[in-house]
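Please examine the following protein, proceeding from its overall fold to its interior. The discussion closes with a single residue.

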Amino acid sequence: MICLEGTGAFSHVSVRHQPDVFNEPLLFAALHVEGAPTARVLEGPVPMWKAFFPWGTQYGGAGNGLGGKSYGLPRFGEASFTARFPFGRSS
């Protein structure tokens, strides 16, 4: 099972019939345009409740990406998501 969140992030990754609901591996796609000063992760902003929620890290919800999170990387300022099973469309 791999879930796609509304921000474009992958979450709840479970493989080999072993449920691991709070597994959020450090997995993302990025985009760099020639001439731009920085690359951006192809995701919208991280919700504050998620940044401070204590799952999946020994440090608790530090909010700064400790414990293998990508929260501090540059992202797009907004994102929208439309779900139509089995597809998800982000724009």
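**From fold to cavity**

Among contacts between residues at least 6 apart in sequence, 41% join residues at least 24 apart. The model discussed here is predicted. Its secondary structure comprises 1 helix and 6 strands, which follow one another along the sequence in the pattern β-β-β-β-α-β-β.

Surface and interior may be considered next. The protein exposes about 6,700 Å², and carbon and sulfur atoms supply 61% of this area. Of its 91 residues, 23% count as buried.

The interior also contains empty space. Rolling a probe the size of a water molecule over the atoms shows where such space is left. In this structure there are 2 cavities of 30 Å³ or more, and the largest cavity has a volume of about 170 Å³. A total of 19 residues line the largest cavity, and those nearest its centre are Ala-9, Glu-43, Lys-50, Ser-70 and Tyr-71. By class, the lining of the largest cavity consists of 9 nonpolar, 4 polar and 6 charged residues.

One of the residues nearest the centre of the largest cavity, Glu-43, merits closer attention. Glu-43 lies in the loop between β4 (40–41) and α1 (48–52). Is Glu-43 buried or exposed? Glu-43 counts as buried because its relative accessibility is 8%, and the cut-off for burial is under 20%. Beyond its neighbours within four places in sequence, Glu-43 is in contact with Thr-7, Gly-8 and Ala-9, with Leu-27 and Phe-28, and with Arg-75 and Phe-76. Among these contacts, Ala-9 is also one of the residues nearest the centre of the largest cavity.

Conventions. Residues numbered from 1 in each chain as written. Predicted model: local features only at pLDDT ≥ 70, side-chain atom pairs only at ≥ 80, totals over all residues. Heavy atoms only, no water. Helix = DSSP H or I, 4+ residues; strand = E, 2+ residues; numbered from the N terminus. Buried < 20%, exposed > 50% of the residue type's maximum accessible area, 1.4 Å probe, protein only. Contact = heavy atoms within 4.5 Å. Areas by Shrake-Rupley, 256 points an atom, 1.4 Å probe, with all protein chains shown as cover. 1 Å grid on protein atoms, 1.4 Å probe; cavity = no way out; pocket = protein on both sides within 12 Å on 5 of 7 lines; lining within 4 Å. Points joined across faces, edges and corners; volume = space filled by probe spheres on them. Nonpolar A, V, L, I, M, F, W, Y, C, P; charged D, E, K, R; others polar.
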